[in-house]
Every structure is written in C-alpha cells, then in structure tokens.
Amino acid sequence: MEHPLKGVGVALITPFDQNHEIDYDGFRRLIDFTSDGGVDYLVVQGTTGETSTTTAQEKADLLKFAKEHNKKNLPIVYGLGGNNTKVVLETIKNTDLSGVTAILSVCPYYNKPSQAGLIAHFTAIADASPVPVLLYNVPGRTVTHIQIPTVLELAKHPNIIGIKDASSIENAIELSKRCPKDFLLLSGDDNLVTTSVSMGFSGVISVIANAFPKEFGEMTWAALNGDFKKAAAIQQRFVDFDTLLYVESNPVGIKKCCEIKGICSSEVRLPLVKASSELGVKLTKAMIAEGFWQ
C-alpha cells in the first residue's frame, strides 16, 4: 500500500480579501482546484500559508474549514511548530487533530538551539502529539539546520515518521543514504523534486502546486514511477518560472499566479506586500511561454 503522504502535498496559501481578512470562499476554491488537479494531500498552515501572521484562532479555523471542505477526503497535514516548546505543546493539547494525518513541525527559529536542544524539542512534541510528526528542515528561514545525526536520532522515535527537507541537494543525498528505509523523505524545494525522487525521496510538499497541481503532479509521479526523462522535461519547464516566484518573497509570487488564474486575490499580510506590477507581467509571460496559461 502506498504511503498516504507519498506524491504531491500542496502547501496551501491562505487567501485574503482587500481588508486582509481570510477569504474563505477563495480558500474553498483553492482546495477544490488543487484537489481536482490531482494533488495527493493538503498541507494547511505551512510557511506558504503565511502562518507567521495568522492568529491562533485563524489557524484553528483554517484547519476546521479544510477538513469540512475536503471533498475528495485527501490526507491533511497541519503545520504546528514554533520556537517556544511550551507553547507548541499547549497548542497540540488544545487543537482538534481528528482527521489530520500528520503535523508538520518546523525547526525552531531565532533562538538558535543546539542539536541536543532540537532533539529534546522534537521529542517532546512527538511524545505529546496524538498524530505522527514530520520534521521540517528549512535553514534558509530558521538559520538552525537539523543535522543528519540529529535526524537519525529523531527517526528512532515511533511517532516521528519523516522529514520535509528544504536545505540542499547535498543534504538530500545524505538523508537518502543514511535514513531508515521506512522514514519518509519529502522535498521542500520544487526545483529539486525529480533529482530527490531519483535518490529515494517519496515526493514533495509544493508551493507551485497551488496554481499548477496537474502539471506538478504529472512530473512528480512520472519520477516516482521511474520515468525520469518525462519528469525532467516537465521539471525543466518549471526551473526559471520557480525562481520568479521568490523574487519578492514567498508566497507573493504564487499568490499572484493564483490571482491570474482567477482562484483568489494576491493580497498578503504585512510585512509582506503583494506582487509588483513588474513581477506580475513577468509571471504572466512565463506562464504563457511554458504553456501553463493561455
């Protein structure tokens, strides 16, 4: 049986209206669009969901809404992490995680814990969580890097089932070489999916899949099924386009793509600002040039 978190998980954006309140109609359209497009599971309140600027109540409401409007009954991963272990544990205790397949817990940021501190932090979370835990290694945002020996130690915990790695291809190689075979390896870099899968990764938690679920799913599953020629051809269409998405920070670029496609507004919350007109033009041209939009 395939693992429920194999393939493409979409790191759902959080649509906002002109007053920067959550646009639940837009969120429903996004869930329907990505589900109909063939994503394998939904990720609610990951980094791309602007979790840094959503309140505790909004996070809970977004999870509840996603569960209620998950018409294809896809697995749901919920972002639940932070740099205050006590608060994370309290949040786990007070969150309704029924219907959630796993939580995605980011490496603590800003306070720069040691590797021993990371082991203690994630062990406490795994002990407290009623659902399995995915580690999230993204040193470009958190500064602290979950080093390979730390991952291997945490992989021994029965409730820590895998890692989303958004660090480097070198780290992906070491993870695939040294982690237990049943430890789920997920790419956190849309541009490295085909390469990562070729080394044993089971898929990706994707930003691009918000606007292009069909194309990205076709690419990922081609790689997972061993057709790397087809996967590479699609991957190459995304390479330059993917770079554009981050010129003005994430999720500014992908939200603009979703606006162009009529899914939701491109509004973001401060300190982010929505895409410039120049970026909008570049994204539109790139979408047309690569056959992603007409």
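These legends accompany three close-up views around Tyr136 and Lys164 in a predicted model. Residues are numbered from 1 along each chain as its sequence is written. Local features need pLDDT of at least 70 and side-chain atom pairs pLDDT 80 or more, while totals for chains, interfaces and linings use all residues, and side-chain values use heavy atoms, without hydrogens or water.

**View 1. Tyr136 and Lys164 carry the "active site" label in an unreviewed UniProt entry.** The positions follow the numbering used here, feature names are shortened, and annotations may be inferred rather than shown by experiment. The two span 29 residues in sequence, yet their C-alpha atoms are no more than 4.8 Å apart, so they gather at one spot. Here the side chains of Lys164 and Tyr136 make a polar contact at 3.4 Å (a pair of N or O atoms within 3.5 Å; within protein, one must be able to donate a hydrogen and the other to accept it, and residues adjacent in sequence count only if both atoms are side-chain atoms).

**View 2. Tyr136 sits in strand E5, residues 133-137.** Strands are DSSP runs of at least two residues, numbered from the N terminus. With 7% relative accessibility, Tyr136 is buried (under 20% relative accessible area, 1.4 Å probe, protein chains only). Beyond its neighbours within four places in sequence, the contacts of Tyr136 include Thr47, Cys107, Ile146 and Ala166 (heavy atoms within 4.5 Å).

**View 3. Lys164 belongs to strand E6, residues 160-165.** Lys164 is buried too, its relative accessible area being 7%. Leaving aside neighbours within four places in sequence, Lys164 touches residues including Leu135, Asn137, Gly188 and Ile205.

Terms used. Helices (H or I, at least four residues) and strands (E, at least two) are DSSP runs, numbered from the N terminus. Buried means under 20% relative accessible area, exposed over 50%, partly exposed in between (1.4 Å probe, protein chains only).
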